[in-house]
Amino acid sequence: MTSIEQYKGCFLGLAMGDAFAAPFEGGPIERLLWRAIGHTSTGERRFTDDTQMAIDLTKSFLHNHRIDQDHLAQQFAQSYRWSRGYGPSTSNLLKRIKKGNCWREINKKKFKGGSFGNGAAMRAPILALCFPQDTQRLLESTIRSAEITHAHPLGIEGAKLIALVTQKALAKSPNETVLKEMLHLCESETFVDKTMYCQSALRQATLEPRTIRIHLGNGIAATDSCVTAIYFALKFRDLDFDIMLGQIIKLGGDTDTIGAMAGAIWGAFNGSATLEPKISKLERGQDIISYAEQLFQHQSL
Ligand code: F2R
Ligand code: MG
Ligand code: MG
Ligand code: MG
């Protein structure tokens, strides 16, 4: 039986992985900017687009009891602030929805077939909190959430993998079972290859950052970050959150998003006991706990 602590651990792990690794995302310019705007006026670490979209997804689900794409698109757009560090294509899309454009008419325009960034995957752990038991509903809802901003098949596939692994983490499934189910779900050669690499890497000592960058990736594309995050979460599932995040920070690249996805899965396995003492360092930490509690209570409706 999944516990309230696992729900809180999952949401806090996502927000803390995001906020605590955000200062290390990208190159020198991004890091300099985040140094200037990365704290609240009361000194907490600000979260980025990853957590904001997870909150939006939570609010929309709690309001509709399902994934209503039009409502969710409006929720994303109304929360948009440039200072959360959204990806360029998502940023453009949300600004246009805010001006009254319909998401269905513009979400495939910038890139033919839609974005394959990791923006749909970074909010996907929340869908496992919405649908902790029913895998088919989980995957259908993940597609509906992803389609708004990340209609490209690889953007959707990454999101489905993160949602599935979070659901398996809530059930405390063994790593081998998780990897088998991932392979069953994979549709593209890239995700199959990376999942198989992850499977063999988990049998070895922790890989060097350079090796992970080469074989699994550390970039903003779903194919360069989702399996990377899953590797960290499965490797560190019985170990310390801060040690895992330290390794993700050493990897560089899209640290906030790899931190958010790995953090959420880690928290779904381990619960919130070691994360809650750190909430005073996190922007809106108490709100994050409250959203996790509301999602937990929603299961019994
Ligand atoms: N944007 C950032 N980080 C930079 C700034 C961070 C700094 N802390 C600050 O605040 O200033 N992070 C965010 O972007 C990443 C991806 O998010 P998302 O929503 O997936 O972005 P987007 O724009 O949809 O896609 C990202 C880029 O990928 C390339 N791309 C995507 N689909 C493509 C396609 N079909 N064909 C060609 N290229 C494609 C484009 O370059 C997109 O701009 C997350 O890390 C989030 O945290
Ligand atoms: Mg971000
Ligand atoms: Mg298959
Ligand atoms: Mg990022």
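These legends walk through a few views of a predicted model.

**View 1. The whole chain, built from helices.** Welcome to the overall fold: the chain holds 16 helices and zero strands. Its radius of gyration is 17 Å, close to the 19 Å that the globule rule gives for 301 residues, so the chain is as compact as a globular protein of that length. Measured out along the principal axes would be one way to picture it: the C-alpha atoms fill a box of roughly 50 × 45 × 40 Å.

**View 2. Inside and outside of the chain.** Here we turn to packing and surface. Of the 301 residues, 60% count as buried. Among contacts between residues at least 6 apart in sequence, 72% join residues at least 24 apart. On the outside, the accessible surface comes to about 12500 Å², and carbon and sulfur atoms account for 52% of that surface.

**View 3. The magnesium ion (ligand 4) and its donors.** Look for four residues around this ion: Glu25 (OE), Asp254 (OD), Asp256 (OD) and Thr257 (OG1) coordinate the magnesium ion (ligand 4) at 2.0 to 2.6 Å. Along the sequence, these donor residues follow the spacing E-x228-D-x1-D-T. The ion has six donor atoms, and with angles of 74 to 173° among them the site is irregular.

**View 4. Asp256 between two magnesium ions.** Follow Asp256 from the previous view to a second ion: this residue bridges the magnesium ion (ligand 4) and the magnesium ion (ligand 2). The two ions lie 3.5 Å apart. Asp256 is buried, and Asp254, another donor to the magnesium ion (ligand 4), is buried too.

Definitions and conventions: Residues are numbered from 1 along each chain as its sequence is written. Chains are lettered from A and ligands numbered from 1 in the order in which they are written. This is a predicted model: local features need pLDDT of at least 70, side-chain atom pairs count only at pLDDT 80 or more; totals for chains, interfaces and linings use all residues. Side-chain values use heavy atoms; hydrogens and water are left out. Donors are N, O and S atoms within 2.8 Å of the metal (3.2 Å for Na, K and Ca); water is not among the atoms, so sites may look incomplete. Four donors count as tetrahedral if all angles lie between 85 and 135 degrees; four count as square planar and six as octahedral if opposite donors are over 155 degrees apart and all others between 65 and 115; anything else is irregular. Buried means under 20% relative accessible area, exposed over 50%, partly exposed in between (1.4 Å probe, protein chains only). Helices (H or I, at least four residues) and strands (E, at least two) are DSSP runs, numbered from the N terminus. The radius of gyration is taken over C-alpha atoms; the globule rule is 2.2 Å times the number of residues to the power 0.38. Contact means heavy atoms within 4.5 Å. Accessible areas come from the Shrake-Rupley method with a 1.4 Å probe; for residues, only the protein chains shown count as cover.
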